[in-house]
Amino acid sequence: MLNFLVNQQVCTKCGQCVADCPPRIIAMESGFPGIAPEKESLCYKCQHCLAICPTAAISILGLQPEESRPLAGNFPDPGQLEILIKGRRSVRRYKEENLDPALLQQLLEVAWHAPTGVNSRQVLFTVVDDRAKMAQLRDEVLAGLRLVVQEDGLPEGRGYFADFVRMWDEEQIDVLFRGAPHLLIASVPANVPTPLPDCVIALSYFELFAQANGVGTVWDGLAKWAINDLVPTARRTLGIPDDHLIGYVMAFGPPAVHYSRTVQHGPALIQRMV
Ligand SMILES: Cc1cc2nc3c(=O)[nH]c(=O)nc-3n(C[C@H](O)[C@H](O)[C@H](O)COP(=O)(O)O)c2cc1C
């Protein structure tokens, strides 16, 4: 039941909801927009109808337009967004403290607005939200890797994991998680239309919003390989559902490093159709 409701007092019959609906299931019925019951199952709950209505006349899925944030004049300044994109850095040094739980919750809720293929919205965020739990996970992964190394079980080309174990054991240098107090794993059921892009886009949004809030992040391919391929018990410890693909892993937390300027990549690799 979509609960598609139109406030006829304010609807101007402009037809924008009809024109913008991706599965084109909204039609003008006796002058006002409506969705025929037999078409309801085609809705993929993108809420474009609620978002586009200039007079806030449309409610769907029990959501009221007044609860949405108005957009006019509220997008960030493009110059600032450019600085954020160019000034974001992989953070590999962290303070030994947890992030404020309210801020962490906000980062996750905002990142959850990232787009997903056919709006499937099934990305699961598994979070290590406490540095004591992070230490526990680190110990488990390193213990698992130690065993794999002892049994000569590292796959071809992954010999460097032996160095990571040695660096931890001899120098307490944490290459795997970069000493971060938190970890975020984005996973999805393998059967969604676009599993890996959904995860990577969600983590990209998380990263940019985190760094805009002064939180450090680093994409953690080493952790992903370790958790997913080399030490499968860690997957279970984290509670990643068996039918999920791990899209990617990101370490994050309060940074112990401060960058003073952007880097200078470029020119971009671009080609145009001739
Ligand atoms: C998919 C992906 C995986 C990465 N894995 C790791 C990792 O395991 N450990 C690490 O320290 N950095 C990792 N990085 C960070 C890259 O090394 C980094 O983005 C690159 O050197 C550019 O630096 P910048 O992010 O500060 O611009 C990864 C980045 C990406 C995009």
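**Overall architecture, ligand shell and the setting of Leu 154**

Of the 274 residues that make up the protein, 28% count as buried in this model, which is a predicted one. The secondary structure comes to 9 helices and 8 strands, and the C-alpha atoms fill a box of roughly 75 × 50 × 45 Å when the principal axes are taken as the directions. Among the contacts in the protein with a separation of 6 or more, 75% are accounted for by residues 24 or more positions apart.

The ligand is surrounded by Arg 89, Ser 90, Arg 92, Arg 178, Val 218, Trp 219, Asp 220, Gly 221 and Leu 222. With regard to the character of these residues, the shell around the ligand divides into 3 nonpolar, 2 polar and 4 charged residues. Two elements of secondary structure, the strand β7 (216–219) and the helix α8 (221–230), each supply at least two residues of this shell.

Attention may then be turned to Leu 154, which lies in the loop between α5 (131–150) and α6 (160–171). Leu 154 counts as partly exposed because it has 15 C-beta neighbours inside 10 Å, whereas a buried residue would need 20 or more and an exposed one would have 12 or fewer. When residues up to four places away in sequence are not counted, Leu 154 touches Val 148, Val 149, Gly 159, Phe 161 and Ala 162. Leu 154 and Leu 230 are 76 residues apart in sequence, and their C-alpha atoms are 7.8 Å apart in space.

Notes. Residues are numbered from 1 along each chain as its sequence is written. This is a predicted model: local features need pLDDT of at least 70, side-chain atom pairs count only at pLDDT 80 or more; totals for chains, interfaces and linings use all residues. A residue is near a molecule or strand if its C-beta atom, placed from the backbone, lies within 6 Å of it. Helices (H or I, at least four residues) and strands (E, at least two) are DSSP runs, numbered from the N terminus. Ala, Val, Leu, Ile, Met, Phe, Trp, Tyr, Cys and Pro count as nonpolar, Asp, Glu, Lys and Arg as charged, and the others, Gly among them, as polar. Two residues are in contact if their C-beta atoms, placed from the backbone, lie within 7 Å.
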